[in-house]
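Reader: Hey, could you walk me through how the chains sit against each other in this one? I'm new to this, so plain words please.

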Number of protein chains: 6
Amino acid sequence: MRPSGRAPDQLRDVTLEIGVSRYAEGSCLARFGQTHVLCTASVEQGVPGWLKGQGRGWVTGEYGMLPRATHTRGRREAAQGKQSGRTQEIQRLIGRSLRSVVDLKILGDRTITLDCDVIQADGGTRTAAITGAWVALARACKYLVEEKVIKETPVTGQVAAISCGVFDGTPILDIDYAEDSSAEVDANFILAGDGRMIELQATGEKRPFSDEEFAELMRLAKLGCGQLFDKQRAAVG
Amino acid sequence: MRPSGRAPDQLRDVTLEIGVSRYAEGSCLARFGQTHVLCTASVEQGVPGWLKGQGRGWVTGEYGMLPRATHTRGRREAAQGKQSGRTQEIQRLIGRSLRSVVDLKILGDRTITLDCDVIQADGGTRTAAITGAWVALARACKYLVEEKVIKETPVTGQVAAISCGVFDGTPILDIDYAEDSSAEVDANFILAGDGRMIELQATGEKRPFSDEEFAELMRLAKLGCGQLFDKQRAAVG
Amino acid sequence: MRPSGRAPDQLRDVTLEIGVSRYAEGSCLARFGQTHVLCTASVEQGVPGWLKGQGRGWVTGEYGMLPRATHTRGRREAAQGKQSGRTQEIQRLIGRSLRSVVDLKILGDRTITLDCDVIQADGGTRTAAITGAWVALARACKYLVEEKVIKETPVTGQVAAISCGVFDGTPILDIDYAEDSSAEVDANFILAGDGRMIELQATGEKRPFSDEEFAELMRLAKLGCGQLFDKQRAAVG
Amino acid sequence: MRPSGRAPDQLRDVTLEIGVSRYAEGSCLARFGQTHVLCTASVEQGVPGWLKGQGRGWVTGEYGMLPRATHTRGRREAAQGKQSGRTQEIQRLIGRSLRSVVDLKILGDRTITLDCDVIQADGGTRTAAITGAWVALARACKYLVEEKVIKETPVTGQVAAISCGVFDGTPILDIDYAEDSSAEVDANFILAGDGRMIELQATGEKRPFSDEEFAELMRLAKLGCGQLFDKQRAAVG
Amino acid sequence: MRPSGRAPDQLRDVTLEIGVSRYAEGSCLARFGQTHVLCTASVEQGVPGWLKGQGRGWVTGEYGMLPRATHTRGRREAAQGKQSGRTQEIQRLIGRSLRSVVDLKILGDRTITLDCDVIQADGGTRTAAITGAWVALARACKYLVEEKVIKETPVTGQVAAISCGVFDGTPILDIDYAEDSSAEVDANFILAGDGRMIELQATGEKRPFSDEEFAELMRLAKLGCGQLFDKQRAAVG
Amino acid sequence: MRPSGRAPDQLRDVTLEIGVSRYAEGSCLARFGQTHVLCTASVEQGVPGWLKGQGRGWVTGEYGMLPRATHTRGRREAAQGKQSGRTQEIQRLIGRSLRSVVDLKILGDRTITLDCDVIQADGGTRTAAITGAWVALARACKYLVEEKVIKETPVTGQVAAISCGVFDGTPILDIDYAEDSSAEVDANFILAGDGRMIELQATGEKRPFSDEEFAELMRLAKLGCGQLFDKQRAAVG
């Protein structure tokens with residue numbers, strides 16, 4: 001039995017609320033149960049220096065967590081003067097995942113920054129961030145098309161992400177903080193709209209894991225992302 | 001006529017919503033029109049090193065702004081590796097103001113950190129932060145009393161804050177971003193519950209200002225803070 | 001009775017000595033009793049990047065304190081790798097105050113940096129810095145006119161600053177360190193040559209303060225700045 | 001055909017040379033073709049502060065690259081004042097992987113730091129680092145047992161790692177820099193001695209990847225790690 | 001002919017003025033012509049962590065330069081967030097030199113920090129700093145003896161320093177900025193009171209130098225330091 | 001008797017091995033007994049900003065030490081976020097020394113960076129670094145000539161360096177770590193191919209030193225560098 005009382009293949013209540021920022025070109029508040037991530041897509045003219053003159057745009061991600069998003073207060077990264085290794089790892093992942101479904105030539109001489117700020121954390125913040133960031137990105141691109149800034153959307157497909165784990169010997173979908181703390185295996189799946197994989201990470205937290213376990217985690221991830229894809233399409237409209 | 005259409009002595013719609021954080025001992029989402037600041041009060045055992053062994057607690061503030069809280073995206077301070085002078089100035093102000101109404105001996109060997117994070121900005125973020133932080137602080141102290149951690153609340157009075165300005169020659173209350181941008185004089189007032197002043201700052205942005213102008217700004221601030229004190233008391237309950 | 005033995009409305013011995021730097025375009029050693037601040041005005045070609053191409057110059061301030069300027073040695077900010085919040089707050093104040101009396105169009109494509117370094121501190125360093133920096137600035141601009149670099153001085157008026165406080169219930173002028181340590185209220189006034197205010201900051205250090213107290217502090221500040229304006233004019237010549 | 005001329009399931013020439021550091025308790029120079037990583041295991045008394053008094057030791061990893069380890073010179077991280085996100089991601093991975101096969105209670109109040117410094121890079125530096133670090137770790141623990149510092153080795157199993165990829169449609173083993181640059185899919189596998197997985201990461205660099213492709217990459221990884229396990233055992237002796 | 005018009009073996013006008021700081025236990029304003037360095041000796045209880053419990057004190061140096069101490073304004077190190085390599089090199093030299101004449105056991109559980117701040121620079125700042133720091137140190141120790149904090153002075157001998165150079169083929173003493181800029185060889189000598197050497201550094205700026213040249217520079221340095229030793233003794237009293 | 005058993009004027013076994021880097025334009029592994037320094041010369045197009053448009057190239061040095069190059073593990077500078085004063089001092093020395101034998105006009109619009117990374121340390125790392133860096137530099141320039149990038153080598157002479165010291169009253173050549181730890185005097189000599197001096201540094205670690213002692217150290221240094229010059233020429237070919 002899961003601490004959350006959910007069935008092994010059951011997602012938390014997920015909502016993807018758009019239009020939550022007055023200023024951002026696209027925005028989405030992704031709620032996976034008690035995990036709340038505010039995702040904004042900001043469109044700016046120009047690209048980073050190393051990309052200049054290539055006729056291509058850029059998509060990048062940044063990630064942060066409010067100090068009291070968690071059970072006990074964490075230190076503010078801005079006050080510490082640097083981002084943790086974990087933060088940097090996550091923001092690299094967000095950028096890489098979203099770029100995989102953007103045609104940067106169509107985007108042109110523009111940079112879209114996806115800011116994913118965790119307002120409240122209960123496990124699975126990076127996957128909620130990616131799922132919500134895709135909505136913010138798609139909304140921002142839709143806005144650019146509507147405003148006739150670009151002729152067609154540069155978004156070539158969907159991206160959603162979910163974390164799974166092995167808890168008390170049983171593979172389960174969408175693990176929350178309580179489950180994550182005692183999970184034996186922990187995995188993050190980032191999937192494309194056609195069910196293929198964009199990125200996956202799996203870690204044996206307490207012990208190595210077998211092919212069979214991993215295959216089951218992958219099956220659960222596909223199941224969960226299928227539901228997330230539906231919610232994303234409904235949110236983008 | 002103000003860009004906002006408000007009367008010179010009219011506040012924006014202000015709401016002080018409590019219980020917005022699942023984990024913090026006290027929390028308040030302060031909305032002053034389109035300015036939204038999430039304030040949490042985190043209670044931790046112990047005090048900073050320089051205060052050890054004096055039988056007194058500590059209250060401090062931190063301030064941050066989400067990168068896309070503003071019209072155009074700002075750079076993330078954690079990524080830049082330091083907090084701006086403006087951020088540091090504001091968080092010093094928050095801590096100083098709130099400490100002025102806390103009996104640190106009653107608080108005992110505890111630190112309360114007030115995190116004020118601007119989710120959306122439309123002018124007056126520092127005064128909204130202080131007004132909301134007081135609610136979060138009072139709620140956290142109420143919780144400590146209810147949990148019998150301390151016998152009585154260390155909060156000795158109320159603190160609320162509001163910004164005023166001279167716009168097109170007219171002193172006005174609670175200036176928003178559009179008004180702030182072209183204000184001639186800009187002032188922040190932090191008032192105690194009895195109407196006296198805890199801190200004030202006034203700047204002649206475009207020209208020096210006279211005693212008469214300043215007196216009118218102070219009158220407006222007292223008027224506005226009177227209304228904020230009522231809302232704070234209602235929120236704390 | 002004040003610890004310093006001065007009358008409530010009495011300044012310390014103030015001297016504004018010019019020509020104290022062999023290299024700077026303008027310089028002034030401002031002595032307010034035992035508080036000694038070395039102010040230099042450095043003129044450099046060009047303006048910060050964000051101001052380029054607008055046909056306007058820039059005036060900015062920097063502030064520092066020698067480690068043993070104070071009773072007990074403070075840590076060297078350069079060795080710590082960052083400037084304190086207090087330092088940044090003060091240098092923003094210096095820059096803002098001085099810019100309020102400079103016509104940046106007349107200054108043209110130049111930056112004037114006002115370095116205010118506290119050689120010895122006995123309270124009121126920020127107000128001594130501003131008062132001395134104005135002299136250094138005016139001297140540098142006079143030099144630019146004499147050298148025919150610019151046709152007329154961009155300095156449009158005077159700026160002087162003084163700190164006041166409420167000590168043992170009595171409002172007093174120009175508080176020194178001993179008085180500041182036990183002052184109930186602490187205020188800094190930055191005034192224009194015509195007696196109007198450019199910036200003011202007041203803090204209830206031990207308790208809130210009333211309108212009447214603040215009005216008396218303001219009266220003292222005007223009195224004190226009047227004397228400082230005379231000394232500034234004498235120094236600039 | 002691979003640029004390297006190797007068969008799809010062929011490792012580069014791999015050597016694991018021990019005793020390469022005069023001072024370290026354990027050391028290994030891992031050569032995977034032209035990728036050379038110097039791994040040292042340093043044993044120090046005590047553990048990080050957050051682990052004190054729990055009767056457990058700690059194993060951690062650090063990673064660096066000499067500026068000219070690569071085709072074009074990279075900037076020295078020490079000179080830049082921070083480690084890149086990539087470096088931090090890799091050193092977290094090294095520490096996590098090695099800890100998974102260490103009984104920290106047996107290690108006792110000691111920290112073993114695995115420094116993995118890339119002397120020359122030709123792709124696959126993180127997997128070579130982990131494979132070599134295990135040898136350095138096992139050698140250091142053997143030394144501790146021989147010196148009667150601890151009674152038995154805390155190393156509970158083997159860890160080896162290899163990168164695979166899909167190149168021109170074909171899954172291949174142990175990709176080098178030339179292959180990596182144009183690989184469609186890139187994956188790192190960290191395996192336990194019994195063939196189960198400790199950690200895996202897979203990224204669709206140019207396109208998403210299917211279950212079948214991933215299964216083939218996993219098969220290659222098991223094949224390659226089998227050979228690495230033999231070499232590790234021979235090196236440790 | 002030297003740009004300064006001095007004879008090859010002629011020092012600049014040197015004054016060592018004591019009592020220039022109201023708070024420091026010892027202080028000296030060292031003027032070598034237009035080079036002015038303010039040296040303070042601060043005595044603090046306790047020693048750095050790595051020296052605890054050894055019954056020995058510590059002497060260390062810090063060095064800084066006001067931004068406009070030089071012909072053109074330099075950037076403030078505190079604002080840049082780090083000390084330059086040059087600054088660190090000089091402060092290590094100051095500490096090392098002064099420690100060579102202090103009996104750290106007699107000093108006991110105390111740290112003396114020598115802050116050398118360059119108010120105005122015209123070449124030879126590091127040697128002026130060392131010469132003045134010795135006076136500040138000796139004065140501080142004298143004060144400790146007079147206050148009966150320690151029974152005898154821990155200062156075991158004198159230290160003075162001077163820079164020499166080869167200018168237009170001629171070895172000269174005490175080079176100033178104009179001479180330094182075009183010197184072929186540049187050397188700093190730190191001498192003990194008995195004429196032996198504590199530290200020396202020599203650099204062929206434009207070409208290598210011969211034994212004979214170096215011998216002549218050393219002769220000049222001894223001559224100059226002899227005069228500095230007299231001035232130091234007079235200053236300490 | 002030296003701890004190393006060497007005669008007072010005897011170098012350690014010195015080898016200068018070239019071609020140790022697959023990518024660098026020039027490389028040399030300098031081994032002075034158990035001190036091993038990997039030196040690479042990297043040629044890059046362009047020069048630092050402050051040198052642009054002057055028709056001259058630039059030569060600079062960087063220095064690092066692997067954390068476990070020493071008896072006990074040192075902290076990684078990249079992880080600490082800054083280079084120590086010692087590191088900066090050494091890399092300034094490397095750059096200065098090598099530039100003294102390069103005609104920067106012949107080098108043209110190019111920068112050569114000499115990375116000197118200490119793989120294993122047993123005293124004398126800075127002098128081994130300079131001696132090896134010269135070989136890497138000369139090899140890189142030879143390569144540029146062979147590739148017809150430049151017409152003639154910009155290297156105008158040889159540079160070698162050695163450390164000497166006074167140990168137990170006897171001046172000795174090429175001190176290792178054990179000797180260095182208890183040396184009374186410590187000196188580094190950087191010599192030009194004609195026997196003249198490019199830079200020298202001498203420090204009385206335990207006591208001041210006399211002219212006679214210094215003269216003997218210099219004699220030993222010339223002897224040692226003579227042998228190093230032979231080895232360098234053999235290595236460059």
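Author: Sure. One term to start: contact means heavy atoms within 4.5 Å. Also, keep in mind that this is a predicted model.

Reader: Ok, so how many residues does the contact take from chain B and from chain A?

Author: There are 38 residues from chain B in it, and 38 residues from chain A.

Reader: And how much area do chain B and chain A bury between them?

Author: About 2,800 Å², with 48% of that on carbon and sulfur atoms. On the chain B side, the residues that lose the most area to chain A are B:Tyr23, B:Arg68 and B:Arg73, which together make up 29% of what that side buries.

Reader: Cool. How many salt bridges are there across the interface of chain B and chain A?

Author: The rule finds 12 salt bridges there. One pairs the side chains of B:Glu25 and A:Arg68, at 2.7 Å from N to O. For polar contact, 20 residue pairs turn up across the interface of chain B and chain A, both residues at pLDDT 80 or more.

Reader: Which elements give two or more residues to the side of chain B that touches chain A?

Author: In chain B, those are strand 3 (35-45), strand 4 (58-65), helix 1 (77-80) and strand 5 (110-120). By class, that side of chain B has 15 nonpolar, 11 polar and 12 charged residues.

Reader: New topic: how far apart are the closest C-alpha atoms of chain C and chain D?

Author: They lie 11 Å apart, and no contact joins chain C and chain D. Chain C and chain F have no contact either, with their closest C-alpha atoms 10 Å apart.

Terms used. Residues numbered from 1 in each chain as written. Chains lettered and ligands numbered in written order. Predicted model: local features only at pLDDT ≥ 70, side-chain atom pairs only at ≥ 80, totals over all residues. Heavy atoms only, no water. Buried area = accessible area lost by both parts, 1.4 Å probe. Salt bridge = Lys/Arg side-chain N within 4 Å of Asp/Glu carboxyl O. Polar contact = N/O pair within 3.5 Å; in protein donor to acceptor, adjacent residues only side chain to side chain. Helix = DSSP H or I, 4+ residues; strand = E, 2+ residues; numbered from the N terminus. Nonpolar A, V, L, I, M, F, W, Y, C, P; charged D, E, K, R; others polar.
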